[in-house]
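Thank you all for coming; I would like to use these few minutes to walk through one model with you. Please have the sequence and the structure open while I talk.

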Amino acid sequence: MPKPPPRSKKATSALFTDSNSLASSANKDISQQEENPASATITVTAVEVTELTQEEQSDRLHLERKVERAFFEAGKALTELRDRRLYRSTHKTFDEYCLDRFGYNRSRSYQLVDAAVVVDNLQKCPQFVDILPTAEGQVRPMTKLQPQEQQEVWLRAVELAGGKIPTGRIVKDVVQRIMERTQVPNTYQLGEVCQIITKDNPELRGKGGCWAIVSAVNDFSCTVKMWDGEYAVGLQHLKSYNYLPAECEQMREICDRINQVYSSGLEESVQRFLESLGKLNRPYLTAVEEKLLSVLESEYRIG
């Protein structure tokens with residue numbers, strides 16, 4: 001039986017030679033590309049960007065406005081929670097409620113409340129329909145100004161920002177110029193008893209004619225304590241009763257007593273009684289008023 005012909009070593013050798021040549025050529029090409037990255041070929045896949053429909057554009061604008069107004073809505077909600085005392089079933093004070101529920105300390109809570117008041121005021125001007133604050137920091141410098149001054153500041157700040165929403169820094173600079181222009185020396189003293197003059201200030205709604213005790217003296221305002229808490233009030237909204245030092249001390253004690261009872265969970269009729277004491281135009285309580293307040297202190301275990 002004849003033997004099969006032997007495999008050709010030459011053919012095998014040629015095969016290996018061709019393979020090695022191809023591999024060497026490929027490695028050479030890769031090496032050349034590594035040495036010269038500019039010669040490398042990069043494949044980019046084109047991605048088609050679809051335009052928004054009219055409905056999607058409307059949805060986007062609506063959602064953007066919600067994000068921009070988040071601080072304003074928060075301030076409005078906190079104001080209603082405070083004014084209606086909707087926290088009273090679980091917390092003694094509004095400050096405790098905000099800290100426990102939202103993680104806001106007193107300062108942060110009132111920054112949002114004050115900011116909402118300013119934005120409400122700016123919305124009344126037709127010039128600001130499309131250019132309103134988008135962050136609480138843009139509003140903060142204006143909270144101590146009069147409503148008309150707030151509008152003046154925002155209009156000027158928008159102009160300086162080239163018709164766009166100004167930064168908090170721009171607003172602060174404009175406010176500083178107005179404060180320097182209207183600077184009035186603060187002559188009030190700690191513990192002084194004053195009357196609140198609203199002068200169409202929405203922040204002081206319901207407080208007209210009430211008495212307050214100065215607890216801090218600032219450059220252009222005073223922090224005052226009233227029957228339901230502390231407020232920052234501009235000098236133009238205060239009028240001293242010119243009480244004697246002993247009378248001021250007596251009113252401070254009365255204020256502390258009323259404030260402690262007011263901070264407890266109250267029925268509406270009791271709350272109204274305490275509010276009426278907050279509008280006294282004399283530095284003392286009558287015998288009946290003293291007796292009623294003592295009964296409330298006993299009822300709520302205060303003192």
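Let me begin with the character of the lining of the largest pocket, which by class has 12 nonpolar, 12 polar and 21 charged residues. I should say at once that this is a predicted model, and please keep that in mind throughout. The space in this largest pocket comes to about 1,400 Å³, and among the 45 residues that line it, those closest to the centre are R82, D83, Y110, V113 and Y231. Several elements each give two or more residues to that lining, namely the helices α3 (70–83), α4 (94–102), α5 (106–122), α9 (245–262) and α10 (268–277), together with the strands β3 (221–226) and β4 (229–234). Which of them gives the largest share of the lining? That is α5, from which 10 residues come.

Now to the second largest pocket, whose volume is about 310 Å³. Its lining is made up of 13 residues, and P141, K144, V175, M179 and F220 are the ones that lie nearest its centre. By class, those lining residues divide into five nonpolar, four polar and four charged, and the helix that gives the most to the lining is α8, residues 168–181, with four residues.

While we are at α8, please look at G168, which lies in that helix. Is G168 buried or partly exposed? With a relative accessibility of 22%, G168 counts as partly exposed, because buried here means under 20%. Its C-alpha is 4.0 Å from that of Q138, although the two residues are 30 apart in sequence. If we leave aside neighbours within four places in sequence, G168 is in contact with G137, Q138 and P141, and P141 is also one of the residues nearest the centre of the second largest pocket.

Turning from pockets to cavities, the structure holds one cavity of 30 Å³ or more, and the volume of the largest cavity is about 100 Å³. It is lined by 13 residues, with K144, N201, E203, A232 and G234 nearest its centre; you will recall that K144 also lies nearest the centre of the second largest pocket, along with four others. The largest share of the cavity lining comes from β4, which gives three residues, and by class the lining has four nonpolar, seven polar and two charged residues.

Next, the packing of the chain. The protein chain has 303 residues, of which 35% count as buried, and its secondary structure comes to 11 helices and five strands. Among contacts with a separation of 6 or more, 60% are made by residues 24 or more positions apart.

The largest nonpolar core has 37 residues, and the ones with the most contacts inside it are W211, V224 and L274. Two or more residues of this core come from each of β1 (193–196), β2 (211–217), β3, β4, α9, α10 and α11 (287–299), with α9 giving the most, at seven residues. There is also a second, separate core of 32 residues, which includes F72, L81, L112 and L132.

To come back to V224, its contacts, leaving aside neighbours within four places in sequence, are with I196, A212, I213, V214, S215, G229, E230, Y231, V233 and L238. One of these, Y231, was also among the residues closest to the centre of the largest pocket.

For α10, the buried residues are V270, Q271, F273, L274, E275 and L277. What covers them includes β2, α9 and α11.

Finally, a careful word on the cysteines. How many disulfides does a search of the whole structure find? The count is zero. C222 is in no disulfide, and the nearest cysteine sulfur, in C194, is 6.6 Å away; at 0% relative accessibility, C222 counts as buried. Why is C248 not bonded to C194? The closest cysteine sulfur to that of C248 is the one in C194, and at 8.4 Å it is too far for a bond, since a disulfide needs the two sulfur atoms within 2.5 Å. C248 is likewise buried, with a relative accessible area of 12%.

That is where I will stop, and I am glad to go back to any part.

Terms used:
Residues are numbered from 1 along each chain as its sequence is written. This is a predicted model: local features need pLDDT of at least 70, side-chain atom pairs count only at pLDDT 80 or more; totals for chains, interfaces and linings use all residues. Side-chain values use heavy atoms; hydrogens and water are left out. On a 1 Å grid over the protein atoms alone, a cavity is a set of points where a 1.4 Å probe fits but cannot get out, and a pocket is an open set with protein on both sides within 12 Å along at least five of seven lines; lining residues have an atom within 4 Å of a point. Grid points are joined across faces, edges and corners, and a volume is the space filled by probe spheres set on the points. Ala, Val, Leu, Ile, Met, Phe, Trp, Tyr, Cys and Pro count as nonpolar, Asp, Glu, Lys and Arg as charged, and the others, Gly among them, as polar. A nonpolar core is a set of buried Ala, Val, Leu, Ile, Met, Phe, Trp, Tyr and Cys residues joined through side-chain atoms within 4.5 Å. Buried means under 20% relative accessible area, exposed over 50%, partly exposed in between (1.4 Å probe, protein chains only). Contact means heavy atoms within 4.5 Å.
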